[in-house]
Amino acid sequence: IRALGLELKSKASAVLIMASAAGVLSSRFFVYAPSVILMLQAGAGSVVEGYTIVWYEFLLRNLPTALYLIVFVFLLTKIYKTKDSDVENCKEHFIEQYKEMGPISIKEKKAAIMLAILMLLLLSSPFTGISTDIGFLIIPLLMFFPGIRVAEESCIRRIDMGMIFFIVSCVGIGTVGSALGVGQIISDLIAPMLEGKSPVVALMALLIFGILANFALTPTAMLTSLSGPIAAIAQSIGLPVDAAMYALAHSTDLIFLPYEFVPYLIFFSFGAISMGDFVKISTMRVALFLVFYLVVLIPFWYLLGVL
């Protein structure tokens, strides 16, 4: 936004910030994201013994979401008429920024290799049977080893403990809710309503339920506390658990206000978009996804045999 010389809270800056947020956050629902998949596995696994979500199946089954994102951004540019925005030639700015980064350092090369090893462990897990937790435990430790030494003691001192406690608190909402039996209450209330309904109706109902739950729970709390009850509901009404988990995952991204999902709040905090525009664009995004979900994604799952 700065490189293009745009004013903050202009139409063009609003489109850029929301398109960026969607690209980062909505892509987690077809690209492998441990924060989504591992939490769904843990919750549903408490109901369905040995339940796992395989990354390449998750990618294939939800890949049409990428088309939804492209259509969403295209519509944004048309509705907000970004073509009419006056922008400066920003190529020189990016060239200058790239030069300031300097050559890739030895540490950066080592870090890239370690990340490649981590990704290899994660992606090969369905074939090797090695737990994905192993990579997250070992790779950070190796960063401190002599000869590798990508990380220093000062790195630990700079850890934002406040953010860690915040994340733990988000997870804690779900854990406490489960301990209090909230999940069972939800299951007992919703399952009878969906009994005898078609998979399409059940999935739409679960998606809308998740959208409403966003107002009271963080996405992390939803994934930890609702995945188990929703898996139980799916089993009781004969709905494939995979489809129910995908519905829950997608619902966590369908928000109207910044506070509902912290990463969106971070994007909002840059001041590039007004609250009014955020609500308008978010409402349009939710409405578009509901249509896309019904018309494209659910039929696609039928085609692949998920339903």
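These legends accompany four close-up views of a predicted model.

**View 1. Helices α11 and α14 pack against each other with their axes within 8 Å.** Here we look at α11 (residues 199–213) and α14 (residues 241–251), whose axes cross at roughly 30°. The crossing is right-handed. On the α11 side, the residues to find are L203, L206, L207, G210 and I211. They meet A243, A244, A247, H250 and S251 of α14. Sorted by class, this contact comprises 7 nonpolar and 3 polar residues, with no charged ones.

**View 2. The largest pocket holds about 320 Å³ of space.** A handy place to centre your display is the group I167, T220, F261, V262 and P263, which are the closest to the pocket centre among its 16 lining residues. Four helices each give at least two residues to this lining: α2 (34–45), α9 (161–179), α12 (219–225) and α15 (262–269). Of these, which helix supplies the largest share? That is α9, with 4 residues. If you are thinking about the character of the walls, the lining of the largest pocket counts 12 nonpolar, 3 polar and 1 charged residues.

**View 3. The second largest pocket has a volume of about 210 Å³.** Its lining is made up of 14 residues, and those closest to the centre are Q41, T52, I53, S125 and T132. Helix α2 turns up again here, giving at least two residues to the lining, as do α6 (106–128) and α7 (132–142). Helix α2 also supplies at least two residues to the lining of the largest pocket, so keep an eye on α2 when you move from the previous view to this one. By class, the lining of the second largest pocket has 8 nonpolar, 5 polar and 1 charged residues.

**View 4. N214 sits in the loop between α11 and α12.** Is this asparagine buried or exposed? N214 has a relative accessible area of 1%, so it counts as buried, the cut-off being under 20%. Leaving aside residues up to four places away in sequence, N214 touches P219, M222, S251, T252, D253, L254, I255 and E260. One of these neighbours, S251, also appears in the first view, where S251 belongs to the α14 side of the contact with α11.

How values were computed. Residues numbered from 1 in each chain as written. Predicted model: local features only at pLDDT ≥ 70, side-chain atom pairs only at ≥ 80, totals over all residues. Heavy atoms only, no water. Axes fitted to C-alpha atoms, helices over the stretch in contact; angles between N-to-C directions. Left-handed = near helix turned anticlockwise from the far one by under 90°. Contact = heavy atoms within 4.5 Å. Nonpolar A, V, L, I, M, F, W, Y, C, P; charged D, E, K, R; others polar. 1 Å grid on protein atoms, 1.4 Å probe; cavity = no way out; pocket = protein on both sides within 12 Å on 5 of 7 lines; lining within 4 Å. Points joined across faces, edges and corners; volume = space filled by probe spheres on them. Buried < 20%, exposed > 50% of the residue type's maximum accessible area, 1.4 Å probe, protein only.
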